Amino acid sequence: MALLTKKDASLILDPLADNNPITIQVLGICSALAITAELKASIVMAISVLFVLGVGNVVISLLRNIIPSKIRIIVQLIVVATLVIIVDQILKAYAYELSKTLSVFVGLIITNCIIMGRFEAFALGNGPWKSFLDGIGNALGYGIILIIVGFFRELLGSGTLLGFPVLGNPISKTGLYATGYENNGFMIIPPAALIVVGIIIWIQRSKNKALIEDN
Amino acid sequence: MAINTEKNSYTVIFATLMVVVVGTVLAFLASSLSDKIKENERLEKQQNILYAMGINQNKGEGNVSFIPTDQVAGEFSKYIKEQLVIEGDKITKDDQAYLIDLKKQATAAKNGETRKLPLFIGDKDGSQYYIIPMRGKGLWDAIWGFVALDDKMVVQGVYFDHAAETPGLGANIKQRYFMDDFSGESILAGTKYAGIAVAKGNNDPLNKIKDDNEVDALAGATITGNGVSAMISESVNMYSDYLETIRVK
């Protein structure tokens, strides 16, 4: 017996490409702009969202039949906020160093529209296992874009990857900088992320014409 | 029997129950973990103070590396010789001075009370370090740190931290390549306590000029950088009377 049925597998795989939360559903753009100036922050954010979306989708899915529809958005918000605060508090007590790195992301995770979007669009109408897979799939799809954007912005903007200089030293002009190459300061400010995301959307749609809306 | 989740009475009961449950869970968690969290914060303060005066495990030009938490209490009492509290003209010794909450003191000062200013005197290999805690505003939230001065008011080391600056941009004030630039700069311009400005385009990316009261800024983090400049200048000015007594001694 396969671990995942075909339908289950598509819940994970679809958001990676043809139903990507950032490039197709256009969710989570704000955090994709805010924290992708370097690769490390992108990776941390991707992992955090993976956890919160996976667990949050399961919780919402379990509660889906008893949540009053009038206040469902508030309920969803409380579930995310509670989850994030619990994790933050536990990390502060038992893994203080890690919590220092993550604390900046707490606010960004709670307000991330991918999380609310998947609760609303999927977890409220599906069982816990499917919701879990959907959460993981969408978080991975989100994470991939974040990491791609972070990779290019850090490489072109600072000439480093994960903090390691890969293009030489811009101040003492070694490596690539000896040829007159300069870091592009524009890449580290948020508008550059929009352009990188735009290019990804462009490439994706030119590869798969079915994604282009006709109007 | 299915529950009618559309009824108003159900909505109110659900909301009430949820608030009670979530509130209880969070309150229980917060109170059971608060001792541990406070202890972590206390050790972190000691690590930060020692870091500023150069007691750390930095290697080469890499990452910030503190004294490990299990050794920090011992090192702290070994290197920090005196902790003072400056309250107007009154200077008292208090070995818990590093726990003074600067935010509360700033609020107290606004309400017309005299601000308690903690200051730590460290001793490493016979040289004295005067370490001043600082607190200010970044782009999104608070920034804070420590600056260690020698008796000529030359910076021997700094440590910065922040609550919520942008990762990759303003958050880099706690990176060594930014903090290390401050060492060797004087906070004095002539005899005025000018602090050190985080300057854009000062044509000194390697920070070789040490008498300009300026360090090279972080690209894309103008407001955080301005916050750091303001924080340093405000803090050293609050301590200037005391620092002047050390300098002219």
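Two strands count as paired here if DSSP finds at least two bridges between them. Keep that cut-off in mind as we walk through this predicted model.

**Stop 1: a pair of strands in chain B.** Start by selecting β1(B), residues 80–87, together with β3(B), residues 117–124. These two strands run antiparallel and are joined by 6 bridges, so they pass the cut-off of at least two. To see one of the bridges, show I86(B) and its partner in β3(B), L117(B).

**Stop 2: the other neighbour of β1(B).** Now add β2(B), residues 90–93. Here 4 bridges link β1(B) and β2(B), again with antiparallel strands. Two places are handy to label: V85(B), which stands opposite T92(B), and E87(B), whose bridge partner in β2(B) is K90(B). Between the two strands the hairpin has 2 residues, and G88(B) in this hairpin adopts a positive phi near 65°.

**Stop 3: the whole sheet.** Extend your selection to all 6 strands of the open sheet in chain B, which follow the order β2-β1-β3-β4-β5-β6 with antiparallel pairing. Why do β2(B) and β6(B) each have one side without a neighbour in the sheet? Both stand at the edges with a single partner strand, so nothing in the sheet flanks the other side. Turn the view along the sheet and you can follow its twist, which averages 25° from one strand to the next.

**Stop 4: two helices on the sheet.** Next, select α1(B), residues 8–52, which packs on the sheet and touches β1, β3, β4, β5 and β6 of chain B. The direction of α1(B) makes about 145° with that of β6(B). Then bring in α5(B), residues 222–238, another helix packed on the sheet; its contacts are with β3, β4, β5 and β6 of chain B. For α5(B), the angle to the direction of β4(B) is about 125°.

**Stop 5: where the chains meet.** Finally, show both chains and colour the contact, which involves 26 residues of chain A and 27 residues of chain B. On the chain A side, the elements giving two or more residues are α4(A), residues 72–94, and α5(A), residues 96–110. Which of the elements gives the largest share of this side? That is α4(A), with 8 residues. Colour the chain A side by residue class and you will find 18 nonpolar, 5 polar and 3 charged residues.

Terms used: Residues numbered from 1 in each chain as written. Chains lettered and ligands numbered in written order. Predicted model: local features only at pLDDT ≥ 70, side-chain atom pairs only at ≥ 80, totals over all residues. Axes fitted to C-alpha atoms, helices over the stretch in contact; angles between N-to-C directions. Contact = placed C-beta atoms within 7 Å. Nonpolar A, V, L, I, M, F, W, Y, C, P; charged D, E, K, R; others polar.
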